[in-house]
Amino acid sequence: MSEDKQTPRTGTSGPQPEEIRFFGTTWVDHSGHYGARRAGLAAGALAAAVAGAFVLRFAYQGLEVADVGGLVSVLMIVMFAICSAIAFARTWEGFGRRPADQAREDSLRTLKAIGFIGGLLAYALRCLVEAPGEKLRRAEYEAARARHEKRRTTRTGNPAARKRPKRS
C-alpha cells in the first residue's frame with residue numbers, strides 16, 4: 001500500500017485500500033451496487049460449481065464406458081472428494097489471513113485446481129457473508145490508517161523552526 005497518495009473517497013493523504021477482484025475498493029464503504037455484486041458472484045460461483053459437477057459426472061461415465069474397473073472409479077471419486085475438501089478449507093482460510101508460507105500455497109495450486117468445486121463453493125458461501133477477503137483487507141486498511149494518523153499527529157510543527165539548545 002502506498003501511503004503518500006490521495007484516497008479517492010476522502011481526498012486526504014494516507015494509505016490506499018487494497019482492491020478486491022470484482023469489487024475494486026467499493027468494499028470500503030459498500031457503494032457501487034456492492035450487495036448486488038455479492039449476490040451475483042455467489043450465484044455465479046454456485047452455477048460454476050454445478051457445471052463443474054456435471055463435467056466430473058461425464059468424466060465418471062466415461063470411465064464406466066471404458067470399463068476400467070471398480071477400483072479406479074472409487075479412487076477417482078475419493079481423489080476429487082479429498083481435493084475438493086482441501087481446496088474448500090484452503091480457500092476459506094485464505095479469506096481470513098495471508099499465507100505464512102507462499103511456497104507451500106504455490107505447491108498446493110494443482111491440488112486446488114483438481115478440487116475446484118470446493119474452491120468455488122467456498123467463494124460462493126463467502127460472498128453470502130461479505131466480499132471474499134474483505135474482513136482481512138479491512139483490518140489491514142484500518143491498521144494502516146491508524147498508523148498513518150499516529151505518525152501524522154506526532155509530526156506537528158516545522159522542525160526547522162525549532163530552536164536548538166546552546167552549547168557551552
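This passage walks through the nonpolar cores, one buried serine and a surface patch. The model is predicted, so local features need pLDDT of at least 70 and side-chain atom pairs count only at pLDDT 80 or more, while totals for chains, interfaces and linings use all residues. Residues are numbered from 1 along each chain as its sequence is written, and side-chain values use heavy atoms, with hydrogens and water left out.

The largest nonpolar core (buried Ala, Val, Leu, Ile, Met, Phe, Trp, Tyr and Cys residues joined through side-chain atoms within 4.5 Å) has nine residues: Ile20, Phe23, Trp27, Tyr34, Leu41, Ala42, Cys127, Ala131 and Tyr141. Its top contributor, with three residues, is helix H1, residues 34-66; helices here are DSSP runs of H or I, at least four residues, numbered from the N terminus. There is also a second, separate core of six residues, with Leu56, Met76, Phe80 and Ile117 among them.

Over in helix H2 (residues 70-94) sits Ser84. Ser84 counts as buried because its relative accessibility is 16%, and buried means under 20% relative accessible area, exposed over 50%, and partly exposed in between, with a 1.4 Å probe and protein chains only. A polar atom of the Ser84 side chain lies 2.9 Å from the backbone oxygen of Phe80. Neighbours within four places in sequence aside, Ser84 is in contact (heavy atoms within 4.5 Å) with Gly115, Ile117 and Gly118.

Helix H2 also holds Ile82, which counts as partly exposed because its relative accessibility is 47%.

Note on methods. Helix = DSSP H or I, 4+ residues; strand = E, 2+ residues; numbered from the N terminus. Polar contact = N/O pair within 3.5 Å; in protein donor to acceptor, adjacent residues only side chain to side chain.
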